Amino acid sequence: MKKAKLLLDKSFTQNAVDDRLYSSFIEHLGRAVYSGIYEPGHPTADGDGFRGDVLELVRELNVAMVRYPGGNFLSGYNWTDGIGPADRRPKRLDLAWRSTEPNTVGIDEFFKWAAKANTQVMAAVNMGTGTPADAGAMLEYCNHPGGTYWSDLRVLNGHRKPHGIKTWCVGNEMDGPWQICQLSASEYGNKAREAIKIMKWTDPSIETVVCGSSSPHMPTYPEWDRIILEHTYDHADYLSIHRYYENAGDDLNFLASFHDMEQFIHTVTSTADYVKAVKRSKKTLPLSFDEWNVWYQSQIKLEDWTEAPSILEDNYSLLDALVFGGLGITLINNSDRVKIACLAQLVNVIAPIWTERGGKAIKQTIYYPFELLSRYGRGTVIRPALHCPKTETAHGDTPLVNLCAVHDENKGELNVFALNIAGEELLLDADVRSFEGLSLAEHICLDGNETGLTNTFAKPDAVKPRNIEIANEVVLPKKSWNLLRFTSKPTAP
Ligand code: AHR
């Protein structure tokens with residue numbers, strides 16, 4: 001059996017994991033909003049029309065923030081369409097997804113939903129058709145206490161207390177030709193900087209996120225990041241990046257996606273640090289990885305001008321969940337720079353939660369690794385010393401195991417997440433002796449012989465993690481994603 005040797009030392013601390021690493025995203029796209037989070041008339045709907053079954057599943061994920069309202073939708077969205085009396089809101093063409101947008105849900109409703117879901121709103125302002133002044137107006141509407149046109153309008157609409165939204169994305173993927181009103185790097189850099197000035201003058205307590213490259217495949221990458229940061233470095237608080245993976249037919253390459261993500265993060269970080277040096281700045285810019293997931297982008301089929309069409313409803317397999325879990329491990333290992341990460345998206349659209357109109361809400365396979373990462377991946381990252389065999393993949397020389405460790409000193413536990421991409425079992429020789437009193441109490445594993453298996457409405461539990469009995473040796477099953485919990489006493493079954 002192949003072996004991996006792991007040393008975890010209590011003093012090799014890296015950083016505290018920011019809770020916002022476990023954030024997500026809801027866009028006005030497909031059925032994310034309508035018949036996803038909002039479906040008046042659904043048997044579990046509350047007085048505001050929000051689905052109770054979905055709220056329960058979202059709460060279980062313990063999501064720190066939810067980015068809203070887009071995505072590509074954002075770049076054609078007039079936020080004022082979504083406020084005021086519902087019967088007077090206009091229906092609009094959504095040019096990003098070729099759908100019809102009823103505007104029944106807007107920022108006020110979403111803010112209410114987020115409170116019920118125990119999460120915060122990460123708002124986004126339109127830098128496509130929208131202007132810096134529009135961005136300032138939206139912020140004034142949301143955060144200003146009162147006594148001005150926009151803040152009084154919020155009060156008139158029934159929301160006396162300001163929403164107090166702290167984190168604001170300034171546009172979305174403005175490097176992409178698919179974006180409504182795409183901009184060049186210097187055009188976006190100028191526009192974003194002026195928008196941020198207006199926004200921060202309106203409310204100095206906010207944080208802003210500027211659009212970095214939407215993927216390393218962009219011809220403008222990483223020049224885009226350099227140029228936009230040269231315009232915005234002193235004003236912005238985070239640089240946004242996005243990355244999706246899909247299986248191009250080779251399981252090993254797909255499983256090794258984490259290695260590509262790792263390199264993407266490092267290149268973007270180096271680019272940001274280059275601008276820091278050019279600017280002689282003392283500030284180090286953190287990253288907001290505000291869209292990440294597995295997404296079968298090559299299979300998109302849009303419907304023309306339907307309201308809430310069933311589009312981008314990827315049904316995730318076990319293999320997808322393994323890849324997804326590997327990406328989550330890489331985010332934790334890079335959480336010294338990645339402070340915010342949004343699983344894109346949350347409900348129905350490339351999502352861990354899948355609903356039927358008027359029916360069930362189920363957990364897709366990717367729900368499980370996210371839930372476990374979010375529950376047990378909080379605390380201090382311990383830098384692992386890992387020696388394990390490597391293999392050549394499309395992403396370069398790739399370790400067969402991707403692993404991270406998080407120590408929660410208050411709870412007295414050490415949690416190790418490990419993805420084994422090999423098609424065979426791997427013995428993990430873990431030395432954790434500096435964590436006195438802690439021993440392996442639980443081994444949770446996501447694996448199976450049928451890696452193509454998915455959860456469906458007919459069989460919602462086809463894929464879920466299992467518990468592996470603790471033995472003298474830790475064996476990571478072939479193609480598996482694992483959580484090893486070291487605690488001071490064995491966890492009750
Ligand atoms: O999440 C789906 C889409 O992916 C978003 O609208 C866009 O920002 C990205 O290209």
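**Notebook: salt bridges, a patch, a helix and a hairpin**

I started at E60, which is partly exposed, with a relative accessible area of 32%. I kept in mind that this is a predicted model.

*Entry 1, the partner of E60.* I looked for what E60 pairs with and found a salt bridge to K363, with the closest N and O atoms 3.1 Å apart. K363 belongs to strand 15 (residues 361–363) and E60 to helix 1, so this pair ties together parts that are 303 residues apart in sequence.

*Entry 2, R98.* Next I checked R98 and found its side chain meeting that of D304 in a salt bridge, 2.7 Å from N to O. This pair, too, links distant parts of the chain: R98 sits in the loop between strand 5 and strand 6, D304 in the loop between strand 11 (287–294) and strand 12, and 206 residues separate them. R98 is partly exposed, at 34% relative accessible area.

*Entry 3, R31.* Is R31 buried or exposed? I read a relative accessible area of 3%, so R31 is buried. R31 forms a salt bridge with E313, and the closest N and O atoms are 2.8 Å apart. The two are 282 residues apart, with R31 in the loop between strand 3 (23–25) and helix 1 (52–61), and E313 in the loop between strand 12 (306–307) and helix 9 (318–333). E313 has 18% relative accessibility; the cut-off for buried is under 20%, so E313 counts as buried as well.

*Entry 4, the tally.* How many salt bridges are there by this rule? I got a count of 30. I also noted a network of salt bridges that links D46, D48, K112 and K116.

*Entry 5, a nonpolar patch.* On the surface I found L93, L95 and W305 forming a nonpolar patch, with about 310 Å² of accessible area together. L95 lies in the loop between strand 5 (92–94) and strand 6 (99–101). With a relative accessible area of 55%, L95 is exposed.

*Entry 6, helix 10.* I then went through helix 10 (residues 367–376): nine of its 10 residues are buried, so the helix is largely enclosed by the rest of the structure. Among the buried ones I listed Y367, Y368, P369, F370 and Y376.

*Entry 7, a hairpin.* Last, I looked at strand 18 (residues 390–393) and strand 19 (residues 396–399), which run antiparallel and are joined by four bridges. A hairpin connects strand 18 to strand 19 through two residues. I found T393 standing opposite G396 in strand 19.

Methods
Residues are numbered from 1 along each chain as its sequence is written. This is a predicted model: local features need pLDDT of at least 70, side-chain atom pairs count only at pLDDT 80 or more; totals for chains, interfaces and linings use all residues. Side-chain values use heavy atoms; hydrogens and water are left out. Buried means under 20% relative accessible area, exposed over 50%, partly exposed in between (1.4 Å probe, protein chains only). Patches are made of residues with over 30% relative accessible area and no salt bridge: like charges are joined within 9 Å, nonpolar side chains (Val, Leu, Ile, Met, Phe, Trp, Tyr) within 5 Å. Accessible areas come from the Shrake-Rupley method with a 1.4 Å probe; for residues, only the protein chains shown count as cover. Two strands pair if DSSP finds at least two bridges between them.
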